[in-house]
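Here is a walk through one protein chain, a helix first and then a handful of loop residues. Keep the viewer open and click along as you read.

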Amino acid sequence: WASLKNLSNRVEGAAGNMSIEVMAARHPAELGPFWRRMFAGRARREVRGLKTAADVDVSEEYPGLRSVLSGDQPRLYPVTHHQKLAVVDDDFALIGGLDLDERRWDTPEHERPAPETWRDVSIALRGAPAGLVARVAAKIWTDCAADWAARSDAPVLAGLDQPTPWEETGEPSADGDFGSAHVALTRSAPKPGFFAFAPETTDDGTERAALSLIRGAKRLIYMETQFLRSAVIARALADAARANPKLEMVLILPFAPERYAFEGRRDTAMRHGEALQLSALRRIAKGFGDRLVVLSPAKPMRKDENDTFVAYGAGAVYVHSKILITDAETALIGSANMNG
């Protein structure tokens, strides 16, 4: 919100006609009534603790949060939009792991403090592949803009316009093949019901693309991922290793989860995720044996006073990239970690 307020101030002070629309785009999946009731107390505690960058009580600014504190059952959303997209004129797109967050603007020498020392990869697409990404972005924006307009508590900052739907572009195809470039999507839809929790997968293109690369690898699998917690991916890797005694693997992971390394959090969700990853790693190691190496990067100097998390005497370089390369020929790059 601090960044958006800064943007709105610049827009109001800019000369000429400038139109900028901003919204917090929510995935439509919601928890069912059973879980809303179960988590109501926890949600109220979280809202009470929310502060803006200006140290203002958020619940005082937004009616939707005030109603939660007054005893209403909160609407809870268990899913987020995780993609990182930028589209220009429908024929240029950036996709990959890099968030638009100044913590991510590391240098190649990794000279910033450990919490801002980042490893990430994004790619640029031009022409027809970028057009498919633009259709995906338009679909997300249009659906969320309609929801935003229907909400009385949706804040629009001064200087910024109310979000409006894009021109109808139709439903994007599940994936697209453009010769040397193939665009794969993962999408999900709400699952209704009293006990509804997780959404229902409608497109699993990213997982299918990863499995296809793994099963076709002949010599080497190189993977960078923030998390590796998918039992499906782990099984495929172990099966590929057993089927091909010449296949080797290099796996790059962060030394520790971000929430633990830089925030010191060891909550149930973090520990559950680490248990899933340990199970996946054991399965992969059993399949590959000594043909597997697992590495975590660190800064090329010893600990300094700004390094809040240290791995074997050096500040950790946090791996946020999502890359799968097979046989130095084909690469899968995007915003999806190797998770279920």
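## Helix 7, end to end

Helix 7 covers residues 231-243, and its 13 residues at 1.5 Å each should span 18 Å; the C-alpha atoms at its ends sit 18 Å apart, so the expected and actual spans agree. Bear in mind that this is a predicted model.

The N-terminal end of helix 7 has a cap: a side-chain oxygen of serine 230 lies 3.3 Å from the backbone nitrogen of valine 232. Which residues of helix 7 are buried? They are Ile233, Ala234, Ala236, Leu237, Ala238, Ala240 and Ala241. These buried residues pack against helix 6 (205-216) and helix 9 (268-288), and also against strand 9 (220-224) and strand 10 (248-252).

## Helix 7 meets helix 9

Two packed helices are described by the angle between their axes and the distance between the axes. For helix 7 and helix 9, the axes come within 7 Å and cross at roughly 10 degrees. Angles under 35 degrees count as roughly parallel, so helix 7 is roughly parallel to helix 9.

On the helix 7 side, the residues taking part are Ala231, Ala234, Arg235, Leu237, Ala238, Ala241 and Arg242. Helix 9 brings Ala280, Arg283, Ile284, Gly287 and Phe288. Sort the residues of this contact by type and you get eight nonpolar, one polar and three charged.

## Alanine 280, seen from helix 9

Alanine 280 is worth a click of its own. It is part of helix 9, and with a relative accessible area of 4% alanine 280 is buried. How far is the C-alpha atom of alanine 280 from that of alanine 231? The two are 49 residues apart along the chain, yet their C-alpha atoms are separated by 6.0 Å.

Leaving out neighbours within four places in sequence, alanine 280 is in contact with Leu228, Ser230 and Ala234. Ser230 is also the residue that caps the N-terminal end of helix 7.

## Two buried loop residues with polar contacts

Serine 321 sits in the loop between strand 14 (318-319) and strand 15. Is serine 321 buried or exposed? Its relative accessibility is 0%, so serine 321 counts as buried. The side chain of serine 321 is joined to that of glutamate 224 by a polar contact of 2.5 Å. Beyond four places in sequence, serine 321 touches Arg119, Asp120, Val121, Glu224, Thr225 and Gln226.

Aspartate 99 belongs to the loop between strand 2 and strand 3 (118-119). It is buried as well, with a relative accessible area of 18%; the cut-off for buried is under 20%. The aspartate 99 side chain makes a polar contact of 2.7 Å with the side chain of arginine 104. Arg104 is also among the residues that aspartate 99 touches when those up to four places away are not counted, along with Lys84, Trp105 and His320.

## Two aspartates with positive phi

Most residues other than glycine have a negative phi. Aspartate 90 goes the other way, with a positive phi of about 65 degrees although it is not a glycine. Aspartate 327 does too, at about 55 degrees.

Where do they sit? Aspartate 90 lies in the loop between strand 1 (86-88) and strand 2 (92-96), while aspartate 327 is in the loop between strand 15 (323-326) and strand 16 (330-333). As for exposure, aspartate 90 is partly exposed at 49% relative accessibility, whereas aspartate 327 is buried, with a relative accessible area of 7%.

## Two partly exposed loop residues

Asparagine 306 is in the loop between strand 11 (292-295) and strand 12 (310-311), and at 42% relative accessibility it counts as partly exposed. In sequence, asparagine 306 and alanine 114 are 192 residues apart, but C-alpha to C-alpha they are 6.9 Å apart in space. Asparagine 306 touches Ala114 along with Pro113 and Pro115, setting aside residues up to four places away.

Leucine 50 is found in the loop between helix 2 (33-48) and helix 3 (58-61). At 38% relative accessibility, leucine 50 is partly exposed. Leucine 50 and leucine 324 are 274 residues apart along the chain, with 37 Å separating their C-alpha atoms.

Conventions: Residues numbered from 1 in each chain as written. Predicted model: local features only at pLDDT ≥ 70, side-chain atom pairs only at ≥ 80, totals over all residues. Heavy atoms only, no water. Helix = DSSP H or I, 4+ residues; strand = E, 2+ residues; numbered from the N terminus. Buried < 20%, exposed > 50% of the residue type's maximum accessible area, 1.4 Å probe, protein only. Polar contact = N/O pair within 3.5 Å; in protein donor to acceptor, adjacent residues only side chain to side chain. Contact = heavy atoms within 4.5 Å. Expected span 1.5 Å × (residues − 1). Axes fitted to C-alpha atoms, helices over the stretch in contact; angles between N-to-C directions. Parallel < 35°, antiparallel > 145°, perpendicular 65-115°, else oblique. Nonpolar A, V, L, I, M, F, W, Y, C, P; charged D, E, K, R; others polar.
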